[in-house]
Each structure stands twice: as C-alpha cells, then as structure tokens.
2 protein chains.
Amino acid sequence: MNIEMIEAAAGRLSGHLRRTPLLTSPFLDEIAGRRVFLKPECLQHTGSFKARGAWSAISAMDPEVRKAGVMAYSSGNHAQGVAWAAAQHGAPAVILMPADAPELKRENTKALGARVVLYDRETESREEKGKALAEELGLTLVRPYDEPLVIAGQGTVGLEIAEQAAEAGVNTADVLVCCGGGGLTSGIALALEAKAPGLRARPVEPAGFDDATRSLSGGVVVRNDRMGGSICDAIVTPEPGELTFPIMKRLCGPGLVVTDDESLYAMAQAFLRLKLVAEPGGAVALAAALLRRDEIEGDAVIAVVSGGNVDPMMFSRSLITHAGPA
Amino acid sequence: MNIEMIEAAAGRLSGHLRRTPLLTSPFLDEIAGRRVFLKPECLQHTGSFKARGAWSAISAMDPEVRKAGVMAYSSGNHAQGVAWAAAQHGAPAVILMPADAPELKRENTKALGARVVLYDRETESREEKGKALAEELGLTLVRPYDEPLVIAGQGTVGLEIAEQAAEAGVNTADVLVCCGGGGLTSGIALALEAKAPGLRARPVEPAGFDDATRSLSGGVVVRNDRMGGSICDAIVTPEPGELTFPIMKRLCGPGLVVTDDESLYAMAQAFLRLKLVAEPGGAVALAAALLRRDEIEGDAVIAVVSGGNVDPMMFSRSLITHAGPA
C-alpha cells in the first residue's frame, strides 16, 4: 500500500463520487473547547464512505472479469456501496446477507440493483455458500476492508481532508476516524502521511468493541470478546484487518473509545448544528471530538462522520434523549 | 435589480459562505418519475440560505455605519443569519423577537453573538420599538426579503444551480423554490435568467398560505387570509414583497402548493435518502418535486431545500409518520 495507489483511486473516483465538504459550527467548537471540523461522509452516495472503496475496487477490475459480476458479504453499508458501484459500472452484484437482516436493508440493496442471497446464520457457512456461488457464476469477491484497492478508495477521504484542512489553515490536528476493520482509518492515515504530515489519524470505537484501540495499545492484534450488543453495529468487527493493522500501528495515534449514549449525543449535535443525519457507528468520532477534550491534542480536531444509514426509530431515540427541551 | 448585483454579492460571499452541493438519489428519481437534483441550503451556515442574504447586506455596508450595528425583526432563520453575519464582521446585532418566541430560537440567536430584545405582540408595536432602538443606537435594519442586497445574496444560490446543473448536463428544468416573501425565489429567478435561461424558477408554498401562487396566477398581489396554523412557519408571510413580486411575475413559472403532511413526507425522504435534516418550510419544494409529477415539465427537476432548523419533536413526527416500518 502506498500513496500512489490512493491517488490512482482518486483518479478513478473523480466525477463519480462526491467530494464531501469540511463543515464547522461555533456551537460544536464551544462544546469541544477547540475548533471542530467535520467530514460528512454520510453525504456520500449510498450514505457512507463505503461507496468509495467499492468504486475503487470495481473500477480497477478487468472489464471482462467485471462483466461476470461481483459479490460481497454484508448486510450494511458495504453492501450498498458495492451494489451501487456495480450498477454504475453495468456489472451484476450478488450480496450475501443473513436471513435475519432487516428488511429495509435488504430492500435498499435490491433497489440499488443487486441480487440479495440469504443464508441461515445457524445452519449455513457464509463463506462456503459464497464460494460456491462465486464459482458457479464467476463472481469476484469485494472484501470490506482487507483489500488494497478498497483501502485506497477509503484513503481518498484522507486526500480531501489534507487539502481542505490546509485551505482552512489547519496544519496540525488529530483526525478522528470511526473504526471497524480499519479500512477507512488506515487509508486516511496513509494519505495524511504523504500529504499532511502534521495531521494524525486516530481510530474511534464503541466501548466494549475497542479491538483496534487495544491492539494499538499493546502492539499486537487482539479480538473483541463478542460481536453483538452495540448500537454501533456498522463498525463492530472481530479484530483489525491483516492489512490494515500494520498500517495503523505504524501511523496512527492512540485509539479513543465512546459509549453508545455518547454516540447518540453526537448524532443529536450533528442534527442540531449541522443538519446532518449520522448513524450511531458513524458518530463515534464526533462524540470523541466533543467529549474527550483531554485526550486530544491541539487547538483543532477533525472528525469523520462515516455514515448516515440509521433506522428512523434509533434516530428519534437520539433526538428524544439528547435534543429535547432543556 | 440585475445580474451584476448578484455577481457582486457572490464575490463578497466567496470564501465565507458554503457552496452547497447538488445532490441526487436513485430512490428519489423513482418516486418523482424523473431525475431529481437537490440543492441543500440546510447545510449552509446557520442552517439556512438566510445567511447568504444577511452576509450580502452586511458586507456591503459602509464600515463606519456597520460598526454601529445592525437590527432585524425575526424569530427564525433570518435572525440567525443576521446574527452570524454581523458577528463575522465584528458588528453588533440586535434582534427583535416576540416575547413568546421559543426559547431555543432565542438562545441560538444569542449564542451566535446577537442581543435579543423581546416585545409583547399584544401591547407593543414591533416597528415602533425597533425604530426607537435603531435611532438610539444607530442601528441599520436588515430586511428579510424586500431589500436588493438581500435578494442579491439569495440569488447566489441561483448562480450555483446554473453552474452545477450545467455540469450535470441539465439545461432545461423547473427549479422549485420554497417561497415566503420571495427573496430566494426572485434572486434565483434573476440568476437563472442570465446564466441558465432553460431553467425556470417556480415558487412552492404550503396549502392555505399560497399568496405567491395566487398572486402569480392572477397577476396582482393578494394576501393570505391568516398567518398562523402551518407547520411551515419559516415561509409563511402575509404577501409577496414589493420588490420580489414584479421579478417573480416577469420570470417565474406557476406556483405549486403542498400540504403539511406532504412536507413531512419530503422531510422523511431527505432523511432516508440523502441524510439531510430539512425543516417543514424548507421541504415544500422537495415535496412538490416528488409528488406533483403532472404539474412539472421536463425529465429533470431541481428543488431547493431552503433550511433545516426544525424542532426535534417535529422531526421525529416526520419519521414516525413517513419513515416507519412498512
């Protein structure tokens, strides 16, 4: 992985993916005790940064191979990103989802043009079913984060942050990134290393699912004890990736951890102050920017809002809990 | 009023106001039966386009006059726009609000640096109190829409739409604009006349408060019967402006009217599909784009989302009513 791969991805993404803005609010500065800059990838196509990595991978495929189709295992943002990017390239997409995935997510993925294949979590192996399908149909698997082309695509967020921070006069700052498998975090870290060495990427995770933070702290990969039980489901993964962890270990600052309730608070602030819809897992970096004053360095902080695909009832919960009458 | 004034305003706004993007979603295209392009001014500073007009007026003032301060009558988006733009210019701002304005709006306006002066709707004349204050303190009134510099500022939305639509390959389309006093609608109409003559501005209003639509239809200004009773309070005005109506009459297509419930539906779609927070009055143009298929011409439509300053409970209502489980 190197900066040339990220710049090549930026070239392939240009004109197809959105260059999201860098937003500010005096109200957020006040809460955080420093200037806060927000990179709202919830405004990206399909509502999350995942469309970048998917586009990067699919656009780089051999056209003949791509024509046969792509496949992804996901019930969430990666599924929508792959479905969208495949459709835009005129390529078929098969998305494997657990049979108990919410109907809304299945319907959204189908509406983006993908074929959704369900498997039974209890009785079927996702990998075996996927492998059989891939062989039968000639599909190419698009991994969610442990894939160089995907990391390169997510790294384009870092290229934009480097440029936009410089325009805003910010040369030294922590860049807080919502972290699951580490594709976005490691991609941004690589871009910043090359383009804005005064900016330092730091992963942010939900409490109880802080595998990247603990892995960085100890220097070796450790796993989460469990996979369920956080509202930040979009960024809960078993452990940092084989490709992403070495990059994070070399380049990232210490991880930060926030509670589910702090993430709901950040969602309410994004609603109130920037008119943005953030999902719980997409709001953890903003939560840390607002609420971890003493763990952050410098007079400015940059936080990525990584996605906005949130259930309406969960969003209402954040408003009722944290944006109600004083 | 002419295009040179709008271009001059664009020069003064440059680097201070946000150039909002032009967003699309395949889901919205499906509902509307044509391509839908959204101009999200809810992402503008202070959460609405009003910051443009306020900046345009305040930035053009003589520095000595400006130093004495500015004044506005408003409890809503115009108040926040003026407070913010004044503070950015280092000028004092006094905002006159009715004593029964929601505390959140008063607090937000104060937090943006303005002094809030309350008046009693029953016993005091807003104009008399404002005039006395202005004379005492040497304040300059910034009108919400019947003011050329304000119209010019709002017209910069039209300049951006002209450029962005051309980039998207759209040369002929209706441009639907949430309309209160007509500052935004007339400003956009003037910009489009000069820069994108194939695009036609059309005002959109809440049912029962369709003064601009009826005035355009009859060719003469007519008033609304009442001022209260719509959730789209941000765009309820007694009648089109003296400056704005002649511009709209010369340049705009027929008005469109939507119900409060249709506006709540559009808010839910903006949440689901674009991760945007729209306020009821800011969503009427999107509602018309989605739900008035037969009243719109062409294979593409552009809708301005004019603001996102919505009470959390009202927002939850839109989600519960229109984004709940199928």
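The questions and answers below deal with a predicted model of two chains, A and B, and with the reasons for the words used to describe it.

Q: What makes chain A as compact as a globular protein of its length?
A: The radius of gyration of chain A is 19 Å, and the globule rule gives 20 Å for 326 residues; because the two values are close, chain A counts as being as compact as a globular protein of that length. Chain A holds 14 helices and 9 strands, and its C-alpha atoms fill a box of roughly 55 × 45 × 40 Å along the principal axes. Buried residues make up 56% of the 326 residues in chain A. Among the contacts in chain A with a separation of 6 or more, 75% are accounted for by residues 24 or more positions apart.

Q: How do you know that the two copies are related as by a two-fold rotation axis?
A: Chain A can be laid on chain B by a turn of 180 degrees with a shift of 0.0 Å along the axis, and the RMSD is then 0.0 Å. The two copies are therefore related as by a two-fold rotation axis. The same surface serves both copies, since 100% of the contact residues of chain A recur in chain B.

Q: Which residues make up the contact of chain A with chain B, and what are they like?
A: The contact takes 19 residues from chain A and 19 residues from chain B. On the side of chain A that touches chain B, helix α14 (residues 312-322) of chain A gives the most, with 5 residues. The residues of that side of chain A divide into 13 nonpolar, 4 polar and 2 charged.

Q: Where do the two domains of chain A lie along the chain, and how many residues of each are in contact?
A: Domain 1 of chain A takes in 3-48 + 147-322, and domain 2 takes in 51-141. The centres of these two domains of chain A, taken over C-alpha atoms, are separated by 25 Å. In the contact, 21 residues of domain 1 of chain A meet 14 residues of domain 2 of chain A. On the side of domain 1 that touches domain 2, the elements of chain A that give two or more residues are α1 (3-13) and α8 (148-167). Of these, α8(A) gives the most, with 7 residues. The residues of this side of domain 1 of chain A divide into 8 nonpolar, 11 polar and 2 charged.

Q: Why is C42(A) called buried?
A: A residue is called buried if 20 or more other C-beta atoms lie within 10 Å of its own. C42(A) has 27 other C-beta atoms within 10 Å, and therefore it is buried. The place of C42(A) is in the loop between β1 (35-40) and α3 (50-59) of chain A. Beyond its neighbours within four places in sequence, the contacts of C42(A) include G47(A), L276(A), G308(A) and, from the other chain, K275(B).

Q: What makes the phi of T46(A) worth noting, and is T46(A) buried or exposed?
A: Most residues other than glycine have a negative phi. The phi of T46(A), however, is near 65 degrees, a positive value in a residue other than glycine. T46(A) lies in the loop between β1 and α3 of chain A, and because 27 C-beta neighbours lie inside 10 Å, T46(A) counts as buried. In chain B, the phi of T46(B) is near 65 degrees, also positive, and T46(B) is buried because 27 other C-beta atoms lie within 10 Å.

Q: Why is M5(B) called partly exposed?
A: A residue is partly exposed when its count falls between the limits of 12 or fewer for exposed and 20 or more for buried. M5(B) has 19 C-beta neighbours inside 10 Å, and so M5(B) counts as partly exposed. M5(B) has its place in helix α1 (residues 3-13) of chain B. Leaving aside neighbours within four places in sequence, M5(B) is in contact with P148(B) and A152(B).

Q: How do you know that the span of helix α7 of chain B agrees with its number of residues?
A: At 1.5 Å a residue, the 12 residues of helix α7 (residues 126-137) of chain B should span 16 Å, and because its end C-alpha atoms are 16 Å apart, the two values agree. After α7(B) comes G138(B), whose phi is positive, near 75 degrees.

Definitions and conventions: Residues are numbered from 1 along each chain as its sequence is written. Chains are lettered from A and ligands numbered from 1 in the order in which they are written. This is a predicted model: local features need pLDDT of at least 70, side-chain atom pairs count only at pLDDT 80 or more; totals for chains, interfaces and linings use all residues. Copies are superposed by least squares on the C-alpha atoms of residues with pLDDT of at least 70 in both. Two residues are in contact if their C-beta atoms, placed from the backbone, lie within 7 Å. Helices (H or I, at least four residues) and strands (E, at least two) are DSSP runs, numbered from the N terminus. Ala, Val, Leu, Ile, Met, Phe, Trp, Tyr, Cys and Pro count as nonpolar, Asp, Glu, Lys and Arg as charged, and the others, Gly among them, as polar. Domain bounds come from an automatic or database domain assignment. The expected span of a helix is 1.5 Å times one less than its number of residues. The radius of gyration is taken over C-alpha atoms; the globule rule is 2.2 Å times the number of residues to the power 0.38.
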